[in-house]
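Please look through the structure below with me, one question at a time. Each answer reasons its way towards a single name or value.

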Amino acid sequence: MGALVQGLHILAGAPKTGKSWLALWLCQQVAGGEKVWGHPTQQGTVLYLCLEDGYHRLRDRLLDITEDPSENLYLATHAGTLADGLAGQIETFVREHGSVSLIVIDTLQKVRETCTDNTYARDYADLARLKELADRCRTTVLLVHHLRKQYDSDPLNRVSGTAGMSGAADGTFILQREDRSSNYGTLFCTGRDIESKELKLQFDPMSHIWECREDEETARSADEEVIRIVIDAKCFRWYCRIAGLELAIEHS
């Protein structure tokens with residue numbers, strides 16, 4: 001996936017594109033220290049805040065992706081908002097778990113305040129707060145977000161909201177299918193510390209995994225970037241507490 005270095009990144013796609021499948025698989029790969037499309041990952045603690053799905057759907061999705069969920073992956077279905085405790089919850093989680101490589105927030109809209117102010121200044125301010133949080137915690141935060149309905153030849157211009165979104169982020173990844181019924185797509189990658197590139201992907205409807213269509217030689221010649229992202233646990237956990245608030249629903 002290009003490179004996810006420390007800081008704030010956006011993964012955007014149209015509804016039903018498969019961006020949440022990609023985000024969940026990415027969490028599982030990093031938590032397990034497995035490669036992502038030929039790139040090595042640094043195994044560590046990963047927190048996936050899946051705020052649009054319930055426990056049972058999230059459990060089923062993870063078990064569709066893998067029969068052996070990583071012991072280092074924490075999943076949560078509830079969290080605070082930017083105005084109501086999210087930063088404190090995440091900072092407490094990071095303190096309690098030491099080294100947290102990746103935090104995924106799915107979706108960004110779920111942690112923003114409901115507001116009619118859709119200006120550049122508001123978009124930039126919200127994203128800047130999340131970037132400051134990622135920098136303070138020395139971790140990678142990946143925001144799952146949506147695209148505009150209007151077509152634009154520049155994928156960055158399709159990110160929902162103003163240019164303040166991509167302007168405040170360290171990296172932006174745009175997932176686009178060739179058409180609604182196609183399993184083929186492209187991941188556009190760009191950012192401050194990322195060489196802009198396009199990755200050709202194919203979605204496997206059986207495994208629900210996005211596979212890279214680049215050949216092995218191309219993959220070997222790609223940048224030797226280490227993807228830094230992750231969560232830690234002694235067993236497969238559906239339950240964790242952040243700042244005393246119950247985020248996930250069950251523990252088994």
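**The sheet, its helices and its cores**

In this predicted model, 9 strands form an open sheet of mixed pairing, in the order β4-β3-β5-β6-β1-β7-β8-β9-β10; helices (H or I, at least four residues) and strands (E, at least two) are DSSP runs, numbered from the N terminus. Residues are numbered from 1 along each chain as its sequence is written, side-chain values use heavy atoms, with hydrogens and water left out. Local features need pLDDT of at least 70 and side-chain atom pairs count only at pLDDT 80 or more, whereas totals for chains, interfaces and linings use all residues.

Q: Which are the edge strands of the sheet?
A: Two strands pair if DSSP finds at least two bridges between them. An edge strand of this sheet pairs on one side only, and the strands of which this is true are β4 (73-76) and β10 (209-212).

Q: What is the bridge partner of Thr172 in β8?
A: Strand β7, residues 171-177, and strand β8, residues 184-191, pair in the antiparallel sense over 7 bridges. In β8, the residue bridged to Thr172 is Thr190.

Q: Which residue takes a positive phi in the hairpin of β9 and β10?
A: Strand β9 (residues 194-204) pairs with β10 in the antiparallel sense over 4 bridges, and in β10 the bridge partner of Leu201 is Cys212. The hairpin has 4 residues between the strands, and the residue with a positive phi, near 60°, is His208.

Q: What angle does the direction of α3 make with that of β5?
A: Axes are lines fitted to C-alpha atoms, for helices over the stretch in contact, and angles run from 0 to 180 degrees between N-to-C directions. Helix α3 packs on the sheet, where it touches β3 (45-50), β4 and β5; contact means heavy atoms within 4.5 Å. The angle between the directions of α3 and β5 is about 150°.

Q: How far apart are the end C-alpha atoms of helix α4?
A: The expected span of a helix is 1.5 Å times one less than its number of residues. Helix α4 (residues 120-137) has 18 residues, so it should span 26 Å, and this agrees with the distance between its end C-alpha atoms, 26 Å.

Q: Which residue just after α4 takes a positive phi?
A: Helix α4 lies across β1, β5 and β6, running at about 130° to β1, and its buried residues include Arg122, Leu127 and Cys137. Buried means under 20% relative accessible area, exposed over 50%, partly exposed in between (1.4 Å probe, protein chains only). Just after α4, a positive phi of about 50° is taken by Arg138.

Q: Which helix gives the largest share of the largest nonpolar core?
A: A nonpolar core is a set of buried Ala, Val, Leu, Ile, Met, Phe, Trp, Tyr and Cys residues joined through side-chain atoms within 4.5 Å. The largest one has 35 residues, and Leu22, Trp37, Tyr48, Val104 and Leu187 have the most contacts inside it. The largest share of this core, 9 residues, comes from residues 19-32, helix α1.

Q: How many disulfides does the structure hold?
A: A disulfide is a pair of cysteine sulfur atoms within 2.5 Å. Cys27 is buried, with a relative accessible area of 0%, and its sulfur is too far for a bond because the closest cysteine sulfur, in Cys50, is 9.7 Å away. The number of disulfides in the structure is 0.
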